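Below is a short set of questions and answers on a predicted model. Each answer works towards the name or value asked for.

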Amino acid sequence: MSVYAIWNNKGGVGKSYLTFQIASEYARQNYNKKVLVIDLCPQANSSSMLLGGMFEGERNLNVIHNQNPRKTITGYITDRIRSPYISPKTGSGYYTQVSRINGRIPENLFLVVGDEQLEIQASRVMGATQTGPEDAWRIVHLWVRDLIEDIKLSWNYADCCVFIDCNPSFSIYTELALSAADRMIIPFSADGSSQRAVKAVLSLVYGETRHEGEQKSEFFLYTERYKMALPQIYMYVGNRLTQMNNSSASAFKTVVQEIGKEIWNVWNTSPSSFCIHPNGAPTPTNQRTFRKMFQYEVNDANTASVVSSALGIPISFLSAGQKEVGVRRITVNQSQLDRQVPNIQELAKNIE
Ligand SMILES: Nc1ncnc2c1ncn2[C@@H]1O[C@H](COP(=O)(O)OP(=O)(O)O)[C@@H](O)[C@H]1O
Ligand SMILES: [Mg+2]
């Protein structure tokens, strides 16, 4: 059982989109395993896609958010604010079998629904790290890990895989996500700010300082103090590769190379921050074998991607042809599907 956090310190790089696509495809490939998605982003984009997309999914989210108590991440966090330092063991009451709401999703995929109230709860969560027992910081940071433990127990420890969609900001709930995760998937897009964001990830999580005398993040310092394990880098994913024209393709290549170099440098100083995969694979010895193990690419599938997320149909399950999206009819071409589906399938196949 592994827990993957999908995180980059930048918005719009495809964290939620890839969570939706990879979790669904992984569930399809591994029908005998349970797949759990935890949406730890208050925008709840991956929840919306999983629950049926732009129209249906949003309606379904509304219904779930109107329940009391809320069967969402906020419901569980409410329990924890009440009982911060002793696990109430209520986590198994907060997940939803997605196929009951969206028939397009495999039956073995479960979701702890995202909730915008998380934003409002953040200061209370922070507060709980600052009072209470001496190791309050550590205990509070394990809340999401406790939540996963409760759900696993309710499944009798059946084989499962967990994906956590994160908010871009390095907020308290992102810290909770990273404390629960064993592995990290870092999506990025083809621009300079994406490169800076990847550097920020390396510095915030792994304490890789970029300038002389720079302060390390509190998160890094506390995880050291309490000897907590950090998630290991599992993949960095160049997302939305476009094949529009030569100049944009080569601009993208440059960014991918630069980010690759940055991550390669971290590998050289702290290889233990990386997760060698698949299990038993030989340790990379040069930049080429390193890239082969850790670097992935996902192309932009244009209209097919839009239709997939608008209708809540994972792209690897989507067929070509005319689709009704709201009041419009939109055509999905096979060539668009062929650009991205193999990437998603390959990515999911490489997840253990
Ligand atoms: N590979 C892709 N191909 C096409 N569109 C994509 C792809 N990845 C992401 N998108 C789109 O880009 C936008 C931003 O992605 P999103 O997953 O919401 O980013 P994040 O969660 O990192 O903020 C969304 O509209 C999403 O549907
Ligand atoms: Mg998102």
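Q: In which loop is Ala44 found?
A: Ala44 is not a glycine, yet its phi is positive, at about 55°. The flanking elements are strand 2 (34–40) and helix 2 (45–50). Ala44 is therefore placed in the loop between strand 2 and helix 2.

Q: Is Ala44 buried or exposed?
A: A residue is buried if 20 or more other C-beta atoms lie within 10 Å of its own. Ala44 has 26 C-beta neighbours inside 10 Å, so Ala44 counts as buried.

Q: Is Tyr157 buried or exposed?
A: Tyr157 has a positive phi of about 55° although it is not a glycine. Its place is in the loop between helix 7 (143–154) and strand 5 (160–166). The cut-off for exposed is 12 or fewer neighbours. Because Tyr157 has 10 C-beta neighbours inside 10 Å, it counts as exposed.

Q: Which element gives the most residues to the shell around ligand 1?
A: Ligand 1 is surrounded by 15 residues, and the closest are Gly14, Lys15, Ser16, Tyr17 and Ser305. Two or more residues come from each of helix 1 (15–29), strand 7 (232–241) and helix 13 (303–311). With three residues, the most is given by helix 1.

Q: How many residues in the shell around ligand 1 are polar?
A: The shell has four nonpolar and three charged residues. The number of polar residues is eight.

Q: What is omega for the peptide bond from His277 to Pro278?
A: Pro278 lies in the loop between helix 11 (246–269) and helix 12 (287–294). The bond from His277 to Pro278 is cis, with omega near -10°.

Methods:
Residues numbered from 1 in each chain as written. Chains lettered and ligands numbered in written order. Predicted model: local features only at pLDDT ≥ 70, side-chain atom pairs only at ≥ 80, totals over all residues. Near = placed C-beta within 6 Å. Helix = DSSP H or I, 4+ residues; strand = E, 2+ residues; numbered from the N terminus. Nonpolar A, V, L, I, M, F, W, Y, C, P; charged D, E, K, R; others polar.
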